[in-house]
Amino acid sequence: MTTIAARKAPPRRDAAASRGALLAAAVAEFAAHGFAGARVDRIAQQAGVNKQLVYHHYGSKEDLYRAALESVYADLREQERALSLASLAPVAAMEQLVGFSFDFLSRHPEFIALLTDENRAGGSHLRSSATLRRMHTPLVEMIGRTLRRGVAARLFRGDVDAVQLYISIAGLSYFFFSNNHTLSAIFGKRLDTRAALRERRRHVVEFTLNALRR
C-alpha cells in the first residue's frame, strides 16, 4: 500500500538538470570568489543538490572550474556564430562583431571575473582544455573570411592578421570593463553609466573600423 509520504515525495531531478544547476551555481561562485576562494558546499547548496553530486558529475573542484570556464566561452561562441557575419557586407559585419563583443562583456560581468581569476592562475585551466581551443578556431576563421571579403572589396587593409584583430577587439572592451572602477577613480567620473557605455561602445567600434580601412 502506497503511503501518503511516498505519494507526496518530490520527483527526482534528472542528471542533466542537476549538471545544469551545478554549472550555473559554479559560474556564480567562481566569479564571486575565484577558484581559491570558492567552496564546493556553497555551490551544491545553491544548486539544491547533495554535495556528493558535484564529485559524481564533475570529478573535482578543478574539473568543475574548467567546466565553468568552458560553459561561459561556449555561450559567447554560440552567440557569435548567430551573428551570421557572412550575410553582411564586410564593414557592417565587422561593426556587428565589435559591437556585440562590447555588449556581451557589458551584460556578463561574471565572464570578466572568471577570466581575471584564470589569468592570475596563469591560464592553467584553459591551457588544459582542448574544448576551449577548438572553440576559437571557427571564430578566427570567421574573422579571417570577413577580412578577406573586405580586402577584395578594397575596403580593408590587406596586412591585418585575424588573431591579432581578435585580441585587439577583445582588449579594447575587456580593459574598459575589468578596470572600470579604477578608471572611474582616476578620471574622476563614473564610467559605468548608460551614457558612458554608449560613448565607449561608439569609440571602440569606430576605432576598430578606422584601423581596418585602407
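Trainee: What radius of gyration does the protein have, and what would a compact globule of 214 residues have?

Mentor: In this predicted model, the protein has a radius of gyration of 21 Å, whereas a compact globule of 214 residues would have one near 17 Å. The C-alpha atoms fill a box of roughly 80 × 40 × 35 Å along the principal axes.

Trainee: Which helices and strands does the protein have?

Mentor: There are 12 helices and zero strands. Of the 214 residues, 37% count as buried. Among contacts between residues at least 6 apart in sequence, 68% join residues at least 24 apart.

Trainee: How do you know whether the length of α5 agrees with the span expected for a helix?

Mentor: The 21 residues of α5 should span 30 Å at 1.5 Å a residue, and the end C-alpha atoms are 30 Å apart, so the two values agree. Helix α6, residues 90-107, reaches 26 Å, close to the 26 Å expected for it. Its buried residues pack against α5, α7, α9, α10 and α12.

Trainee: Why is arginine 66 called buried or exposed?

Mentor: Buried means under 20% relative accessible area. Arginine 66 has 16% relative accessibility, and therefore counts as buried.

Trainee: What makes arginine 66 and aspartate 63 a salt bridge?

Mentor: The rule asks for a side-chain nitrogen of Lys or Arg within 4 Å of a carboxyl oxygen of Asp or Glu. The closest N and O atoms of this pair are 3.0 Å apart, so the rule is met. The two residues lie three apart in helix α5, which means a separation of about one helical turn. Aspartate 63 is partly exposed, at 33%.

Trainee: Where in the chain do the partners arginine 42 and glutamate 29 lie?

Mentor: Their side chains meet in a salt bridge at 2.6 Å, N to O. Arginine 42 belongs to helix α3 and glutamate 29 to helix α2, 13 residues apart, and the pair links distant parts of the chain. Glutamate 29 has 9% relative accessibility and counts as buried, while arginine 42, at 33%, counts as partly exposed.

Trainee: What is the nearest side chain of opposite charge to glutamate 118, and how far away is it?

Mentor: The nearest such side chain is arginine 127, at 6.8 Å. The cut-off is 4 Å, so this pair does not qualify. Glutamate 118, in helix α7, is buried yet has no salt bridge. Leaving aside neighbours within four places in sequence, its contacts include Tyr65, Leu69 and His125.

Note on methods. Residues are numbered from 1 along each chain as its sequence is written. This is a predicted model: local features need pLDDT of at least 70, side-chain atom pairs count only at pLDDT 80 or more; totals for chains, interfaces and linings use all residues. Side-chain values use heavy atoms; hydrogens and water are left out. Helices (H or I, at least four residues) and strands (E, at least two) are DSSP runs, numbered from the N terminus. The expected span of a helix is 1.5 Å times one less than its number of residues. Contact means heavy atoms within 4.5 Å. Buried means under 20% relative accessible area, exposed over 50%, partly exposed in between (1.4 Å probe, protein chains only). Lys and Arg count as positive and Asp and Glu as negative; His and the chain ends are not counted. The radius of gyration is taken over C-alpha atoms; the globule rule is 2.2 Å times the number of residues to the power 0.38.
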